[in-house]
Amino acid sequence: MIGLTKVASGEGFVELTERPERVPEAGEVAVDVHAVGICGTDLHIWLGEYPSVPPVTMGHEVCGTVSAVGEGVAGDWIGARVAVETFFSTCGVCAYCRAGKLSVCEQRRSIGTHVDGGFAPRLVLPARNLHRVPEALPSEAAALSEPLACVCNSLLDPTAVQPGDDVLVVGPGAIGLIAAQVARACGGRVTVRGAPRDHARLSLAGELGFETSVAGDPAPAADVVVECSGAEPGIADALRAARRRGRIVQMGLRGADVTLPYDLICFHELTVTAGFASNRRRGGGR
């Protein structure tokens with residue numbers, strides 16, 4: 001099986017390679033991949049800025065159809081079109097796991113970084129990671145359920161946006177535009193801000209009904225700033241745009257240290273939160 005694989009540590013060591021096709025073990029399924037997104041994290045892995053365990057096939061925003069099941073998995077999963085969660089395993093016993101916060105288990109292993117992911121025709125992962133996809137939802141859109149889940153983890157646990165809040169989303173990429181829509185659904189008045197080179201993305205934000213702002217122009221003051229750019233100027237912009245006693249939700253990954261007006265957190269009594277990956281809702285169905 002050919003997959004796009006991180007073959008060594010460091011920058012750039014990614015190539016198409018032959019990888020063994022694994023048979024699903026007990027509790028696992030095999031998924032034939034229909035669509036997979038390229039996440040910003042994948043670019044950081046390619047650049048050697050995000051930890052991975054080479055050789056490993058990348059890709060974690062996946063939609064596909066279950067083609068085989070391992071021992072103990074219900075047969076009615078075969079033929080189901082699914083979106084998948086990214087974690088492969090956690091310790092299951094730490095305080096984070098017991099609280100349902102699998103995203104921050106210190107022993108978390110994820111598809112695309114620790115075990116083979118979705119940049120290949122076939123993916124093997126635990127059956128507990130599956131979510132059935134409604135028939136009307138295209139596979140390309142279903143693959144975006146994973147970044148949507150990440151946004152919801154960041155904005156809804158704890159709830160960052162209250163009805164009537166002025167919200168500024170910095171960074172109009174896929175995560176930023178999803179975050180803008182979630183913030184609007186929470187009742188926020190949302191402006192999307194990007195760099196001058198983000199003209200096409202800001203145009204799309206306008207088509208989605210959002211006000212837009214360009215870096216270099218004064219940033220609109222906001223009760224909540226959602227930082228999705230991961231760029232040093234964007235993060236600094238976020239700190240300066242937040243109103244006193246406002247909230248900043250950091251979602252963008254920089255991949256390196258940054259220099260910031262850090263004192264503003266103290267001077268303006270800002271609250272900074274974040275979210276990494278996603279967590280299952282307890283008792284939620286599949």
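A residue is called buried under 20% relative accessible area, exposed over 50%, and partly exposed in between. The exercises below apply to a predicted model.

**Exercise 1. Surface residue L47**

Determine where L47 lies and whether L47 is buried, partly exposed or exposed.

Solution. L47 is found in the loop that connects α1 (40-46) with β4 (56-57). Its relative accessible area is 30%. This value falls between the two cut-offs, so L47 is partly exposed. On the surface, L47 belongs to a nonpolar patch together with I38, L43 and W46. The accessible area of these residues together is about 400 Å².

**Exercise 2. Loop residue T86**

Classify T86 by its accessibility and identify its contacts.

Solution. T86 is located in the loop between β6 and β7 (87-89). With a relative accessible area of 6%, T86 lies under the 20% cut-off and is therefore buried. Residues up to four places away in sequence being left out, T86 touches H60, R108, S110, I111, N129 and E146. With one of these, R108, a polar contact is made between the two side chains, at 2.7 Å.

**Exercise 3. Helix α4**

Compare the expected span of helix α4 (residues 145-156) with the distance between its end C-alpha atoms, and state what covers its buried residues.

Solution. Helix α4 has 12 residues; at 1.5 Å a residue, the expected span is 16 Å. The end C-alpha atoms are 15 Å apart, which agrees. The buried residues of α4 are E146, P147, C150, V151, N153, S154 and L155. Their cover includes the strands β5 (61-69), β6 (81-84), β14 (222-227), β15 (242-250) and β16 (271-274), as well as helix α5 (174-185). E146 also appears among the residues that T86 touches.

Notes. Residues are numbered from 1 along each chain as its sequence is written. This is a predicted model: local features need pLDDT of at least 70, side-chain atom pairs count only at pLDDT 80 or more; totals for chains, interfaces and linings use all residues. Side-chain values use heavy atoms; hydrogens and water are left out. Helices (H or I, at least four residues) and strands (E, at least two) are DSSP runs, numbered from the N terminus. The expected span of a helix is 1.5 Å times one less than its number of residues. Buried means under 20% relative accessible area, exposed over 50%, partly exposed in between (1.4 Å probe, protein chains only). Contact means heavy atoms within 4.5 Å. Patches are made of residues with over 30% relative accessible area and no salt bridge: like charges are joined within 9 Å, nonpolar side chains (Val, Leu, Ile, Met, Phe, Trp, Tyr) within 5 Å. Accessible areas come from the Shrake-Rupley method with a 1.4 Å probe; for residues, only the protein chains shown count as cover. A salt bridge is a side-chain nitrogen of Lys or Arg within 4 Å of a carboxyl oxygen of Asp or Glu. A polar contact is a pair of N or O atoms within 3.5 Å; within protein, one must be able to donate a hydrogen and the other to accept it, and residues adjacent in sequence count only if both atoms are side-chain atoms.
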